[in-house]
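Me: I have a structure open on my screen and would like to learn how to read it. Could you take me through it feature by feature?

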Amino acid sequence: MNQSQLRFIFIAAALMVAVFAWLFWHQDGPVAGANANASASASADAIASAAASAPAQSAASAPLVTKLPGVRDEPGMLPAPTAEKFDIAVLEDRALLSQYLNPAQRQQALAQLKNQHCESQKISVYFKKDVAEKLLVSDCYYLVSPGQDGNPGWYDTDYGIMLAVDKTGVVELKDITQFKFMYESSKLSAVTSLNKNGRLQLWLDGLICENDGADDNDDEGDAAASNAASTPASAASQHKSSLAGCWSTTVVEVNGDKLEMFRH
């Protein structure tokens, strides 16, 4: 092998070493490592950013929590004693009234609901252990104006038809319509029997005024509250900010088929 051939072999080997070194530098060497670190750092930053923004996004998308009439942190609201409150059973079938009423009471209750053309089977029973008296609140309302020309009638949706039950029988409490609040915000928040004398107390909550100090530009809130016939409780509660200080409680007592203001 002559000197020229050796020189050629040496140059070829040097070129091969240079190529392998270049490939190592750009693929597996410091450059690749730096890119990998940069990518990992970017991923970590992205994850941290997403984690940091997640609570804010969640809070922004979460529905606002509104309180219905009857909450006890409003000025003017009067809470019923917790220990004295009656339990509530919401029945989807009036046949289940037999679990709470004797046959005669149940027959009377169904007859009175039929007399008011109440077809809904849903009814709520307010009851308490060792108390004979009960209150029934149907899912039917009093008809104010009958419909004409195929149009539905207009119903008073403040309170469902109420029946008081005691040892003597069942009576309809038609006087409940005299204790309505503004914007159809009326709500029966509790039933009690404080004096244990056979007379129930009904705790009624709702709006009694408009807040004159509210922002004059809050017309939308007032309009929505005044048009709360379809969903009176929720519509009124969503606009409590413009009606703050206007919530109140009235306590009435059952006396036969009449309702009287309760005197503590």
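**Reading strands, disulfides and a helix**

Reply: Gladly! Let's start with a pair of strands: strand 10 and strand 11 (residues 258–261) are paired antiparallel, with 4 bridges between them. Please keep in mind that this is a predicted model.

Me: What holds paired strands together in general, and which residues stand opposite Lys258 and Leu259 in strand 10?

Reply: As a general idea, the strands of a sheet pair through backbone hydrogen bonds, and the pairing may be parallel or antiparallel. Here, Lys258 in strand 11 faces Asn255, and Leu259 in strand 11 is the bridge partner of Val254. The hairpin of these two strands leaves 2 residues between them, and Gly256 has a positive phi near 70° there.

Me: How many bridges join strand 9 to strand 10?

Reply: Strand 9 (residues 201–207) is joined to strand 10 by 7 bridges, and the two run antiparallel. To find your place on screen, look for Gly206, which stands opposite Ser248 in strand 10.

Me: In what order do the strands of this sheet come?

Reply: The order is 8-9-10-11, in an open sheet of 4 strands with antiparallel pairing. Strand 8 (182–192) and strand 11 are at the edges with a single partner strand each, so one side of each has no neighbour in the sheet. On average, neighbouring strands here are turned by 35° against each other, ignoring direction.

Me: Why is strand 10 described as largely enclosed?

Reply: Burial is read from relative accessible area, and under 20% counts as buried. In strand 10 (residues 247–255), 8 of the 9 residues are buried, so the rest of the structure largely encloses this strand.

Me: Let's turn to the cysteines. How many disulfides does the structure hold?

Reply: There are 2 disulfides. If you number the bonded cysteines of the chain in sequence order, they pair as 1-2, 3-4.

Me: Which parts does the link of Cys118 and Cys140 tie together?

Reply: The sulfur atoms of Cys118 and Cys140 are 2.0 Å apart, and the link is right-handed, with 75° about the S-S bond. Cys118 sits in the loop between helix 3 (103–115) and strand 2 (123–127), while Cys140 sits in the loop between strand 3 (134–138) and strand 4 (142–145), so the disulfide ties together parts 22 residues apart in sequence. Both Cys118 and Cys140 are buried.

Me: And what is the handedness of the link of Cys209 and Cys246?

Reply: The disulfide of Cys209 and Cys246, with an S to S distance of 2.1 Å, is left-handed, at -100° about the S-S bond. Cys209 is in the loop between strand 9 and helix 4 (219–226), and Cys246 is in the loop between helix 5 (232–237) and strand 10, so this pair ties together parts 37 residues apart in sequence. Cys209 counts as partly exposed at 26% relative accessibility, whereas Cys246 is buried at 2%.

Me: Now a helix, please. Which residues of helix 3 are buried, and which are exposed?

Reply: A good way to read a helix is to look down its axis. In helix 3, Gln105, Ala109, Gln112 and Leu113 are buried. Seen down the axis, the buried residues of helix 3 fall within an arc of 100°, so they line one face of the helix. Pro103, Gln107, Lys114 and Asn115 are exposed on the other side of helix 3. As for its length, helix 3 has 13 residues and reaches 18 Å from first C-alpha to last, close to the 18 Å expected.

Me: What covers the buried residues of helix 3?

Reply: The cover includes strand 2, strand 3, strand 6 (162–166) and strand 7 (169–172). These strands belong to an open sheet of 5 strands with antiparallel pairing, in the order 1-2-3-6-7. Strand 1 and strand 7 are the edge strands, each with a single partner, so one side of each lacks a neighbour in the sheet. The twist averages 20° from one strand to the next. Helix 3 packs on this sheet, and its direction makes about 20° with that of strand 7.

Me: Is Leu97 buried or exposed?

Reply: Leu97 counts as buried, at 0% relative accessibility. You will find Leu97 in the loop between strand 1 (87–91) and helix 3. Beyond its neighbours within four places in sequence, Leu97 is in contact with Leu91, Arg106, Leu110, Ile123, Val125 and Leu136.

Terms used
Residues numbered from 1 in each chain as written. Predicted model: local features only at pLDDT ≥ 70, side-chain atom pairs only at ≥ 80, totals over all residues. Heavy atoms only, no water. Buried < 20%, exposed > 50% of the residue type's maximum accessible area, 1.4 Å probe, protein only. Pairing = 2+ DSSP bridges. Disulfide = S-S within 2.5 Å. Axes fitted to C-alpha atoms, helices over the stretch in contact; angles between N-to-C directions. Contact = heavy atoms within 4.5 Å. Expected span 1.5 Å × (residues − 1). Arc of directions from axis to C-beta.
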